[in-house]
Amino acid sequence: MPTLEDEDYFMVQINERNEKSLIPLMEDVAEWLSAYICLDINVNNFLDMLDDGVALCMLAIKIQKLSEESKVKNKNLSNEAYIIPEVLPSFEFNFHHQVKKESFFARENAENFLKWCRKIGIRDSTLFVSEDLVLHKQTKNIILTLLELGRIVHRYGIEVVPSIVNLEIEIEEENKNSFDWMRNVTIRKKKRCKTLNLDAKVQRCARKYNVAVEKISEGKYLVNKKLSVFIRTLRSHIMVRVGGGWDELDSFLNRHNPDKQRSKLSFISA
């Protein structure tokens with residue numbers, strides 16, 4: 001029978017892995033926020049810069065303004081083949097500019113941001129709650145909310161979104177046009193140089209974890225002869241598209257290590 005110490009050990013490993021997998025996404029979101037609101041946000045100060053809700057409210061106002069400007073600009077380019085993006089729903093946005101951390105006003109700022117997110121179409125199931133932000137809880141929920149915000153605003157014609165969202169859009173386009181042989185040939189030629197280095201890194205990581213990884217096409221791989229995944233480079237990280245989310249290649253292949261999976265089954269059966 002597994003002991004409590006064994007179970008605690010595995011829980012610590014899982015938590016550490018989850019925290020590590022957030023770092024590339026946090027870096028991406030931090031860079032996106034910094035570009036929009038001219039603040040030096042990074043992995044080390046991420047929650048400290050956001051927890052009073054001021055930066056997120058500034059972000060919402062900036063995005064709302066860009067959406068309106070985009071509508072005006074695109075009207076001048078309008079023709080039968082061009083679809084003008086919708087403007088984000090209007091929202092009366094008031095927030096407290098100077099607030100103490102963990103105060104009522106910080107929570108109110110967070111709630112105003114969340115109300116705006118709901119207004120533009122982000123579902124409650126995706127949103128963090130104000131306590132997550134104000135008290136530095138559930139960082140993952142905050143990051144996932146902001147990534148979903150990036151996806152939503154892109155649909156409204158706003159081009160500056162997190163890099164990981166651009167990768168998702170690229171993958172969707174590849175899937176959509178997979179039947180177009182000539183288009184795929186062009187895409188492959190453009191990406192070949194860029195993916196040669198990626199292929200080498202993927203194979204090195206696969207050997208490290210004794211996982212069979214076979215290249216199907218540019219940026220698409222078959223893992224252990226049964227799981228098809230997209231793999232992309234995000235700055236210094238190699239990311240795997242997993243369901244509706246992302247994981248680092250190292251963490252992903254570690255979980256699919258046949259030896260480790262057999263060891264885990266033995267632990268559970270014991």
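1. A quick word on terms before we look at the sheet: two strands count as paired if DSSP finds at least two bridges between them. Please also keep in mind that this is a predicted model.

2. With that in hand, start with strand β1 (residues 213-217) and β2, which pair in the antiparallel sense over four bridges. One place to check the register is Val213, whose bridge partner in β2 is Val223. The two strands form a hairpin with two residues between them, and Gly219 in that turn has a positive phi of about 80 degrees.

3. On to the next neighbour: β2 also pairs with strand β3 (residues 227-234), again antiparallel and over four bridges. Here Tyr221 stands opposite Val229 in β3. This hairpin has three residues between its strands, and the turn residue Asn224 has a positive phi of about 50 degrees.

4. Which side chains of β2 are buried, and which are not? Along residues 220-223 they alternate. Tyr221 and Val223 point to one face and are buried, while Lys220 and Leu222 point to the other face and are not buried. You may enjoy tracing the buried pair: Val223 is the bridge partner of Val213, and Tyr221 is the residue opposite Val229.

5. Stepping back to the whole protein, there are 10 helices and five strands. Of the 270 residues, 42% count as buried. The accessible surface comes to about 15,700 Å², and carbon and sulfur atoms hold 53% of that area.

6. A last point on contacts: among those with a separation of 6 or more, 54% are between residues 24 or more positions apart.

How values were computed
Residues are numbered from 1 along each chain as its sequence is written. This is a predicted model: local features need pLDDT of at least 70, side-chain atom pairs count only at pLDDT 80 or more; totals for chains, interfaces and linings use all residues. Side-chain values use heavy atoms; hydrogens and water are left out. Buried means under 20% relative accessible area, exposed over 50%, partly exposed in between (1.4 Å probe, protein chains only). Contact means heavy atoms within 4.5 Å. Accessible areas come from the Shrake-Rupley method with a 1.4 Å probe; for residues, only the protein chains shown count as cover.
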